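This report covers the backbone geometry, the fold and the domain packing of one protein chain. Local details come before the overall picture.

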Amino acid sequence: MNYETVIFDLFGTLVNDLAGPEYEVILGQMASVLRVSYRDFRQLWSDTYYERNTGGFNSIEDNVAYICKEFGVQAEQDDTKRTAQIRHDFKRSVMLKPRTDVLEVLSNLKSQDLKIGLVSNCTPAAPVIWPDTPLASLFDVTVFSSSVGILKPDPRIYLLATERLGVQPEDCLYVGNGGSQELAGAAKVGMTSVLIRVPGKYSVVREEWNGPTIASLTELLALVE
Ligand SMILES: [Mg+2]
């Protein structure tokens, strides 16, 4: 066997990406609860990406409260809560639905005694929802950016995963859909990066990648043999 560990990205890799037309509808609903324009809300939502994904806010509710303050909007606590809940429910629905072949492939990897890790750029909602997903029991280690305060492609976030797993980066395959320059970041610490590009899925701008590419997670099984 070439590798002893596979480390996965979450969104756009194991479950669908949040980004896309549906997400914009959700952001629009959030804006309307706060009685602010979608455009303005969208702008501040983007502007707070870094803080949201590195633990700068303890919760999405805190993020929403911050945005209200920036707007000078006196939002009732109920409205802040309801706004955060809209996004939480959407995110939860996405996280609870792994793509079709994901559970089968992860079980197969486990049956081959491979270790399985997760490195995700995400908000504080993801680690809260994670234990309820069917993915959780299949993972040996998880590293959520909002919990550790570091975003991919910072080398330290990948090395946190390998330290926790007790493996060397060189023995790891890293699989992701190429958000946040994650493939180059993993390769830089010595992992072998694999791009997953599922046909027909809408996606945001991805990194340029000329390395190994798979069109479904099932194709990964041939790479670990
Ligand atoms: Mg991704």
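Pro153 sits in the loop between helix 8 and helix 9 (155–165); helices (H or I, at least four residues) and strands (E, at least two) are DSSP runs numbered from the N terminus. The peptide bond that joins Lys152 and Pro153 is cis, with omega about 15°. This is a predicted model, in which local features need pLDDT of at least 70, side-chain atom pairs count only at pLDDT 80 or more, and totals for chains, interfaces and linings use all residues. Residues are numbered from 1 along each chain as its sequence is written.

Positive phi values occur at the residues in the table below.

| Residue | Location | Phi |
|---|---|---|
| Asp113 | follows helix 6 | near 65° |
| Ser180 | loop between strand 4 (172–176) and helix 10 (182–188) | near 55° |
| Gln181 | loop between strand 4 and helix 10 | about 55° |

Neither burial nor full exposure applies to the two loop residues: Ser180 is partly exposed, with 18 other C-beta atoms within 10 Å, and Gln181 is partly exposed with 15. A residue is buried if 20 or more other C-beta atoms lie within 10 Å of its own, exposed if 12 or fewer, and partly exposed in between, with C-beta atoms placed from the backbone.

The protein has 11 helices and six strands. Its C-alpha atoms fill a box of roughly 60 × 35 × 35 Å along the principal axes. The radius of gyration is 18 Å, which agrees with the value near 17 Å for a compact globule of 225 residues; the radius is taken over C-alpha atoms, and the globule rule is 2.2 Å times the number of residues to the power 0.38. Buried residues make up 37% of the 225.

The domain assignment, from an automatic or database source, gives domain 1 (5–16 + 98–224) and domain 2 (21–95). Their C-alpha centres lie 26 Å apart. In the interface, 15 residues of domain 1 are in contact with 13 residues of domain 2, where contact requires C-beta atoms, placed from the backbone, within 7 Å. On the domain 1 side, helix 7 (125–129) and helix 8 (145–148) each give two or more residues, and helix 8 gives the most, with three.

The largest nonpolar core has 46 residues, of which Ile7, Leu173, Tyr174, Val175 and Met191 touch the most other members. Both domains give residues to this core, so it lies between them. A nonpolar core is a set of buried Ala, Val, Leu, Ile, Met, Phe, Trp, Tyr and Cys residues joined through C-beta atoms within 7 Å. Leaving aside residues up to four places away in sequence, Tyr174 touches Ile7, Ala186, Met191, Thr192, Ser193 and Val194.

In helix 6 (residues 102–111), the buried residues are Val102, Val105, Leu106 and Leu109. Seen down the axis, they fall within an arc of 100°, so they line one face of the helix; the arc is that of the directions from the helix axis to the C-beta atoms. These residues pack against strand 1 (5–8), strand 2 (115–120) and helix 11 (220–224). Exposed Ser107 and Ser111 are on the face turned away from the buried side.

Ala75 is in the loop between helix 4 (60–71) and helix 5 (77–95). It counts as buried, with 20 C-beta neighbours inside 10 Å. Beyond residues up to four places away in sequence, Ala75 touches Leu34, Cys68 and Thr80.

Conventions: Contact = placed C-beta atoms within 7 Å.
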